[in-house]
Amino acid sequence: MGAVTTPKQDRSRLTRARLLESAVTCLAERGWSGSTVSVVAEHAGVSRGAAQHHFPTREDLFTAAVEYVAEERSAALRRLPRPAGTREAVATLVGLFTGPLFRAALHLWVAASNEPQLGDRVTALEARIGRETHRMAVELLGADESRPGVRETVQGLLDMARGLGLANLLTDDEARRERVVAQWAAIVRAQLAD
């Protein structure tokens with residue numbers, strides 16, 4: 001019997017996925033200046049030519065990487081059962097801003113503020129991810145945005161979560177984060193109950 005071969009399209013998809021995951025890891029660990037196409041290709045275990053076949057420019061690679069992981073994260077969140085309560089929902093949302101995706105996205109945002117070729121792409125990507133995150137928050141919380149103040153409360157929660165994510169970049173203060181999550185859960189619960 002001959003060896004089982006992977007169809008070319010499947011290998012191409014796998015290579016693309018490895019490159020995207022490696023790009024996020026490199027961006028989170030090394031920042032924009034330390035994350036080149038060559039570095040990502042090496043991390044993914046593929047040639048630089050294979051990387052450039054999938055992503056002709058560095059900007060293509062990194063914006064696609066953040067988008068890919070954000071979509072994967074959204075899909076995983078949609079598969080989760082609805083949290084048991086408001087505190088669990090708030091903790092889940094805060095978790096979106098304390099992992100490697102947020103760290104990678106932050107490096108991309110900073111680079112976009114200094115790199116004109118990234119600015120428009122990242123602004124559009126962030127707007128789309130922001131809308132999706134807001135939609136997921138509304139769903140997780142079971143919020144009715146037709147009620148006065150609910151939309152602003154959900155947005156305030158997401159802004160707070162982003163702030164905790166920024167603070168987490170410097171120090172992991174889990175005890176403080178838990179207290180803030182508990183307080184915001186109480187605020188959100190009161191707003192949704194009114």
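Here are some questions and answers on a predicted model of a protein.

Me: To start with the overall make-up, how many helices and strands are there in the protein?
Reply: Read along the sequence, the pattern goes α-α-α-α-α-α-α-α-α. That fits the tally for the protein, which comes to 9 helices and 0 strands.

Me: What box do the C-alpha atoms of the protein fill?
Reply: The box is taken along the principal axes of the protein. Its sides are roughly 65 × 50 × 30 Å.

Me: And what percentage of the residues count as buried?
Reply: A residue is called buried when its relative accessible area is under 20%. The protein has 194 residues, and the share of them that count as buried is 39%.

Me: Of the contacts with a separation of 6 or more, what share comes from residues 24 or more positions apart?
Reply: Here we leave aside contacts with a separation below 6. Among the rest, residues 24 or more positions apart account for 71%.

Me: Which residues does the UniProt annotation "DNA-binding region" cover, and what is the chain like there?
Reply: The unreviewed UniProt entry places this annotation on residues 36-55. Over that stretch the chain is 75% helix and 0% strand. The C-alpha atoms at its two ends are 12 Å apart.

Me: What about the annotation "domain: HTH tetR-type", and how far apart are its end C-alpha atoms?
Reply: The unreviewed UniProt entry gives this annotation to residues 13-73. The chain is 80% helix and 0% strand over those residues. Its end C-alpha atoms are 18 Å apart.

Me: Let's pick one residue: is Trp109 buried, exposed or partly exposed?
Reply: Trp109 is found in helix α6, which spans residues 100-114. Buried would need under 20% relative accessible area and exposed over 50%. Because its relative accessibility is 25%, Trp109 counts as partly exposed.

Me: With which side chain does the side chain of Trp109 make a polar contact?
Reply: Leaving out residues up to four places away in sequence, Trp109 touches Phe102, Val122, Glu126 and Arg162. One of these also pairs with Trp109 through a polar contact between side chains, at 3.5 Å, and that partner is Glu126.

Me: How many Å separate the C-alpha atoms of Trp109 and Ala76?
Reply: Along the chain, Trp109 and Ala76 are 33 residues apart. In space, their C-alpha atoms are separated by 24 Å.

Me: On to the largest pocket: which element supplies the largest share of its lining?
Reply: The pocket has a volume of about 380 Å³. Its lining counts 23 residues, with Ala70, Leu101, Ile129, Gly130 and Thr133 nearest the centre. At least two lining residues each come from α4 (58-79), α6 and α7 (116-141). The largest share, 9 residues, belongs to α7.

Me: How do the residues of that lining divide into nonpolar, polar and charged?
Reply: We are still with the largest pocket and its 23 lining residues. They divide into 13 nonpolar, 3 polar and 7 charged.

Me: Which element gives the most to the lining of the largest cavity?
Reply: The structure holds 1 cavity of 30 Å³ or more, and the volume of the largest cavity is about 30 Å³. Its lining is made of Phe97, Thr98, Gly99, Phe102, Arg103, Gly165, Asn168 and Leu169. Two or more of these residues come from each of α6 and α8 (150-170). The element giving the most, with 3 residues, is α8.

Technical notes:
Residues numbered from 1 in each chain as written. Predicted model: local features only at pLDDT ≥ 70, side-chain atom pairs only at ≥ 80, totals over all residues. Heavy atoms only, no water. UniProt positions renumbered as here; feature names shortened; annotations may be inferred. Helix = DSSP H or I, 4+ residues; strand = E, 2+ residues; numbered from the N terminus. Buried < 20%, exposed > 50% of the residue type's maximum accessible area, 1.4 Å probe, protein only. Contact = heavy atoms within 4.5 Å. Polar contact = N/O pair within 3.5 Å; in protein donor to acceptor, adjacent residues only side chain to side chain. 1 Å grid on protein atoms, 1.4 Å probe; cavity = no way out; pocket = protein on both sides within 12 Å on 5 of 7 lines; lining within 4 Å. Points joined across faces, edges and corners; volume = space filled by probe spheres on them. Nonpolar A, V, L, I, M, F, W, Y, C, P; charged D, E, K, R; others polar.
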